[in-house]
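Me: I would like to go through this structure term by term and ask, for each label, what justifies it. Please set each value against its cut-off before you conclude.

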Amino acid sequence: MSGETSLVIAIDGPAASGKSTVAKQLAAELQIVFVSSGGMYRAFTWWVLENGVDPADTVAVEALLEKTVFQCGEENNIGTIAVNGRLPEWKQLANDRVNGGVSLVAAIPAVRLRLVDEQRAYARKRGVVMEGRDIGSVVFPDTPYKFYIDASPEVRERRRRAEGIDDSIAARDKMDSSREASPLVIPKDATVVDSSHLTVEEVVEKVKEVIVG
Ligand code: CDP
């Protein structure tokens, strides 16, 4: 049981499916907090790299995790995460080094346990729109508001290239879907939205229709 008491909207999906843009817009409209759980895995991966630890070295990553303190908060309705007192900038989280290591780090169960605790803590304070890979399936299985936002591989590759970021999304998707710990799945009671041919506004409308009823 995740024990949430506030409104929780869970949005999952593969890389560059548009879920983060949609989640951000929805949170702003509903005046609740937006949290990118991927941003949290990225922040710890950034810290792993800062410390010269190889993301593929599970033992070393776990040892670093034990010495790491996370401080999660929010700024202007957006979730923030400080790692041992340092708040990484977006540029430090969305680059090829982090893109290359994050799926390895996120596959480690001990890492997920720590960050899932932080994710659930948000919902104990107030309403939240959280996006990721396991938000509906593992983090908040009790919320009735579960969405899975998808898009074709071609559209997703195109969107990421348009952001000017070198990202091996096919490799990340493969790792994220095949790992043992909380793989990317479509929660059985989720509403699936294919965003390939929809605008952000159209996807937000579809999600709102389900929430408002
Ligand atoms: O923005 P994009 O969809 O490309 O990725 P992200 O949401 O920032 O997530 C980056 C990585 O974090 C994913 O490829 C997963 O390996 C991991 N992740 C996860 O394991 N579980 C989550 N709930 C969210 C992200």
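Reply: Let us begin with the polar contact, which is a pair of N or O atoms within 3.5 Å. Please keep in mind that this is a predicted model.

Me: What makes the pairing of S103 with the ligand a polar contact?

Reply: A polar side-chain atom of S103 lies 3.1 Å from an oxygen atom of the ligand, and the cut-off is 3.5 Å, so the pair qualifies as a polar contact. For R172, a polar side-chain atom lies 2.7 Å from a ligand oxygen, which is again within 3.5 Å and therefore counts. With A16 the partner is a polar backbone atom, and the distance to an oxygen atom of the ligand is 3.5 Å.

Me: How much of the ligand does the protein bury?

Reply: Taken alone, the ligand exposes 520 Å², and the protein buries 95% of that area. The elements that give two or more residues to the shell around the ligand are α2 (37–50), α5 (96–106) and α9 (169–178), and the largest share, 4 residues, comes from α2.

Me: Which residues are closest to the ligand, and how is the shell divided by class?

Reply: The ligand is surrounded by 19 residues, of which K19, R42, R160, R172 and D176 are the closest. By class, the shell holds 6 nonpolar, 4 polar and 9 charged residues.

Me: Why is the pair of E74 and R126 called a salt bridge?

Reply: The closest N and O atoms of E74 and R126 are 2.5 Å apart, and the criterion asks for a side-chain nitrogen of Lys or Arg within 4 Å of a carboxyl oxygen of Asp or Glu, so the pair meets it. E74 lies in strand β3 (residues 70–75) and R126 in the loop between α6 (109–125) and β5 (128–132), so the salt bridge ties together parts that are 52 residues apart in sequence. A search of the whole structure finds 10 salt bridges.

Me: Are E74 and R126 buried, exposed or partly exposed, and what decides the label?

Reply: Buried means under 20% relative accessible area and exposed means over 50%, with partly exposed in between. E74 has 35% relative accessibility and therefore counts as partly exposed, and R126, at 24%, is likewise partly exposed.

Me: What labels do the two partners in the salt bridge of E163 and R160 receive?

Reply: Their side chains meet at 3.0 Å, N to O. E163 has 47% relative accessibility, so the label is partly exposed, whereas R160, at 14%, counts as buried.

Me: What separates K208 from E205 along the helix, and which network do they belong to?

Reply: The closest N and O atoms of K208 and E205 are 3.4 Å apart, in a salt bridge. The two residues are 3 residues apart in helix α10 (residues 200–212), which means that about one helical turn separates them. Salt bridges that share partners join E29, E205 and K208 into one network.

Me: Why is T45 called buried, and what lies around this residue?

Reply: T45, which is placed in helix α2, has a relative accessible area of 0%, and since buried means under 20%, the label follows. A polar atom of the T45 side chain lies 2.7 Å from the backbone oxygen of Y41. Not counting residues up to four places away in sequence, T45 touches V98, G101, V102 and V105. In α5, the buried residues include V98, G101, V102 and V105, and the buried residues of α5 pack against α2, α3 (58–66), α4 (90–93), α6 and α9.

Me: What makes the backbone of N76 and of S182 worth a remark?

Reply: Most residues other than glycine have a negative phi. N76 has a positive phi of about 50 degrees although it is not a glycine, and S182, also a residue other than glycine, has a positive phi near 45 degrees. N76 lies in the loop between β3 and β4 (78–83) and, at 71% relative accessibility, counts as exposed. S182 is found in the loop between α9 and β7 (191–194) and is buried, with a relative accessible area of 18%.

Definitions and conventions. Residues numbered from 1 in each chain as written. Predicted model: local features only at pLDDT ≥ 70, side-chain atom pairs only at ≥ 80, totals over all residues. Heavy atoms only, no water. Near = heavy atom within 4 Å. Polar contact = N/O pair within 3.5 Å; in protein donor to acceptor, adjacent residues only side chain to side chain. Areas by Shrake-Rupley, 256 points an atom, 1.4 Å probe, with all protein chains shown as cover. Nonpolar A, V, L, I, M, F, W, Y, C, P; charged D, E, K, R; others polar. Buried < 20%, exposed > 50% of the residue type's maximum accessible area, 1.4 Å probe, protein only. Contact = heavy atoms within 4.5 Å.
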